[in-house]
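Thanks for sharing this one. Here are a few notes to read alongside the model, starting with the core and ending with the charged pairs.

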Amino acid sequence: MGMANIMGRTRLLQIFRIGYHSKPNGQGMSLQCITGQRFVCSGGCPGLLKRANREQPNVVGFSAVSKPCIRNASSGRLPNQDGFIILHQHSDSGKQVFEKVNDDVDYRSVVVKWTDGQVQDYPYVWLRDNCRCEKCFHPSAFSKLLNFSKIDVSVQPSQVRLSDDRRNVELEWDDGHSSSFNATWLRQYRFDESPPDLTFDLELDLWDSTVGDRLKEFTIEDILSSDECLYNWIMELKTLGLTLIKAGAIDGEVPRMGERISFLHNTQFGYTTHLKAKPDDASSLAFTNTDFPMHSDLVFNYRPPGILLLHCIEQAKGGGGENWLVDGYKVTEDLRVDDPETFKCLTETEVEFFDTIKGTYGVNQLRARHPTIKLDAKGRPERINVCDHGRDALLRIPTNQVRPFYDALSAFQKKLASPQNLFPIKLGHGDMLVVDNRRVLHGRSGFTMTENNCRHFEGSYLEWEQVDSRLRVLHKDLGYD
């Protein structure tokens, strides 16, 4: 899987998913912007950028900025396999220079203009709060020393000037404190005009039952041995919400993946769980051979785990045993458009989930409350909480709201189970399925047990904090920062 290597000192402009497909006259290229902001560029790979501009005019445009440098790490060419292209603008770190600075007393802001014409205003209180002098910021701990409760939010500078080399704006505050802000540093902090963030600002690739056509396969050995492959795998997991890894049909592959990222998430079942059907003594539906309805894992926890790893060590040789997958975010967005009242009900009605089980650390009586659809501060789906086997009978709502809630839940679950949205996949020996547990619901068809065959899976979890941290470190170590 190819990955663009960014040469020189740059700042992130945009990330594109690149894909190739067959055409009658040769190979075609497709691009999808996944950082959700307008990309600007001049020169460099004009065919690629012009094609992107034609196909995504609302995302891709051109204006006069520094020429990006895009090349394959080994060949100096664009990758010829599906992967990602990171488009950067050279920032000439350490060479950013101010043209002028103004003290805007009326708006209580310092206004700077860089030599490339970009202008930004910085409120006084923000500058004082983010002073990087040795009294306010610890350089090795990379932490603020400032106690904000001791800062007057009405603070203002008594003097504002540029340094002799015009690379810093220097302020004398009315309380006698002094601050200096570098031109390159300030360029990265432009409020709503700040550069996109690698982990928070990715455009998700929503999918339906046809996702198998673009589901990429990774090998565990490539992920374990190549930082570039690990980076690609994390990016794919973040944008698509599911990945397929070819691993060995042996115990221990899941812990190897956990160690490659950071560490596995411990639960009431321990760090990993071996799932073998034992219908006569099953502690949960996961240990039966019956249909296991679509669900999100561990929603009876206050904070369900972020990522599920499911490794097939031995698949059922009889019929059944398929995994069902559905993009909960995609179905949620469809519901928002098709049935706003149902959408509103499921975002506002809290459901109680429970689990009573004897786990690795003794008997657990777990209980949590979540809306079926949890939204983030911007109104986007953040977590889908569906788990019929863990949904309690207790509804803490007026009785006249009970039937409308059931109507809403039924409408949502019918969409989830629709053949248009459901992607079935039967894992082979050694296959490892990794899904975003906040987004992708999963289930399993019943299967036939035989005397000489036992379906054996090993499961575990990762948390997005650790995965995103790993991605940021890789981004820097691979020279993409």
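1. The largest nonpolar core of this predicted model has 45 residues. Those with the most contacts inside it are Trp207, Leu242, Leu325, Leu346, Phe405 and Phe412. Helix α9 supplies the largest share of this core, five residues. A second core, separate from that one, has 29 residues, among them Ile220, Leu237, Met257 and Leu471.

2. Leu325 is a nice place to centre your view. Leaving aside residues up to four places away in sequence, Leu325 touches Trp207, Leu242 and Met294. Its other contacts include Asn421, Leu422, Phe423 and Ile425, as well as Leu433, Val435, Val440, Leu441 and His442.

3. Next, please look at helix α8, residues 340-348, where Thr342, Phe343, Cys345 and Leu346 are buried. These buried residues line one face of the helix, because they fall within an arc of 160° when seen down the axis of α8. They pack against α7 (328-338), β21 (362-371), β22 (373-375) and α9 (402-416). On the face turned away from the buried side, Glu341 and Glu348 are exposed.

4. Helix α6 (residues 253-261) deserves a similar look: its buried residues are Glu253, Val254, Met257, Gly258, Arg260 and Ile261. Seen down the axis of α6, they fall within an arc of 160°, so they too line one face of the helix.

5. Now to the charges: there are 28 salt bridges in the structure. In one of them, the side chains of Arg161 and Glu172 meet at 3.6 Å, N to O. Arg161 belongs to strand β11 (residues 157-162) and Glu172 to strand β12 (residues 168-173), eleven residues apart. Both ends count as partly exposed, Arg161 at 30% relative accessibility and Glu172 at 23%.

6. The pair Glu352 and Arg396 is a salt bridge with an N to O distance of 2.4 Å. Glu352 sits in strand β20 (residues 350-359) and Arg396 in the loop between β23 (381-384) and α9, so the bridge ties together parts 44 residues apart in sequence. Glu352 counts as buried, at 3% relative accessibility, whereas Arg396 is exposed, at 56%.

7. Which residue forms a salt bridge with Asp392? The partner is Arg367, with the closest N and O atoms 2.6 Å apart. Asp392 lies in the loop between β23 and α9 and Arg367 in strand β21, so parts 25 residues apart in sequence are tied together. Asp392 is buried, with a relative accessible area of 18%, while Arg367 is partly exposed at 39%. Shared partners join Glu352, Arg367, Arg369, Asp392 and Arg396 into one salt-bridge network.

Terms used: Residues are numbered from 1 along each chain as its sequence is written. This is a predicted model: local features need pLDDT of at least 70, side-chain atom pairs count only at pLDDT 80 or more; totals for chains, interfaces and linings use all residues. Side-chain values use heavy atoms; hydrogens and water are left out. Buried means under 20% relative accessible area, exposed over 50%, partly exposed in between (1.4 Å probe, protein chains only). Helices (H or I, at least four residues) and strands (E, at least two) are DSSP runs, numbered from the N terminus. The arc is that of the directions from the helix axis to the C-beta atoms. Contact means heavy atoms within 4.5 Å. A nonpolar core is a set of buried Ala, Val, Leu, Ile, Met, Phe, Trp, Tyr and Cys residues joined through side-chain atoms within 4.5 Å. A salt bridge is a side-chain nitrogen of Lys or Arg within 4 Å of a carboxyl oxygen of Asp or Glu.
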